[in-house]
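Student: I should like to request a close look at one part of this model, namely the segment that precedes the opening helix, with enough context to place it.

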Amino acid sequence: MILDFGTVDPAKYPLPQTRLTLESLWDYVHLRPRTNTISAIACIRNALAYATHTFSQKHGFLYVHTPIITTSDCEGAGEMFQVTTLICNAEKLEELIKNPPPSEADVG
């Protein structure tokens, strides 16, 4: 089914009759995937990602999304959290169970 909505006003339509340059696509982001260059790059990236994931799955690797931790410290935000591991916390817990700290009754 084809719907005819009428003609397009050439003054408002952003596409010229000539080919768009990659620089001009900065202004019209939604048109980037329609160009041959960007479409070809997307196809290559898709094929590479598919091949990488297929290889990894066949060889027993897991695909895990890890949190991104950067070294940038903007406005002191780096002081708000500390990166630890479960292994480190488990070792501390085991140490506390084996050698509990002295209680007030033991000290006094």
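Student: What pLDDT does the protein chain average, and what share of the residues score at least 70? With that settled, please describe the segment before helix 1 (36-58), where L3 has its place.

Tutor: The model is predicted, and the protein chain averages a pLDDT of 78, with 73% of the residues scoring at least 70. Confidence varies among the elements: helix 1 has the highest mean pLDDT, 93, whereas helix 3 (residues 104-107) has the lowest, 68. Three helices and zero strands are present in the protein chain, and the pattern along the sequence reads α-α-α.

The segment in question comes before helix 1 (36-58), and L3 is located there. L3 counts as exposed because its relative accessibility is 56%, and the cut-off for that class is over 50%. Together with M1 and F5, L3 makes a nonpolar surface patch of about 510 Å².

A second feature concerns a charged residue and a ring. R32 lies over the face of W26, 4.4 Å from the ring centre. As for contacts between rings, the structure holds zero aromatic pairs.

The wider setting concerns the surface. Of the 108 residues in the protein chain, 3% are buried. The protein chain exposes about 10,900 Å², and carbon and sulfur atoms supply 61% of that area. The patch formed by M1, L3 and F5 is nonpolar and lies on the surface.

Terms used: Residues numbered from 1 in each chain as written. Predicted model: local features only at pLDDT ≥ 70, side-chain atom pairs only at ≥ 80, totals over all residues. Heavy atoms only, no water. Phe/Tyr/Trp six-rings, centres within 6.5 Å; stacked < 30°, edge-to-face > 60°. Lys NZ or Arg CZ within 6 Å of the ring centre and 35° of its normal. Helix = DSSP H or I, 4+ residues; strand = E, 2+ residues; numbered from the N terminus. Buried < 20%, exposed > 50% of the residue type's maximum accessible area, 1.4 Å probe, protein only. Areas by Shrake-Rupley, 256 points an atom, 1.4 Å probe, with all protein chains shown as cover. Patch = residues over 30% accessible without salt bridge, like charges linked within 9 Å, V, L, I, M, F, W, Y side chains within 5 Å. Salt bridge = Lys/Arg side-chain N within 4 Å of Asp/Glu carboxyl O. pLDDT = per-residue confidence, 0-100.
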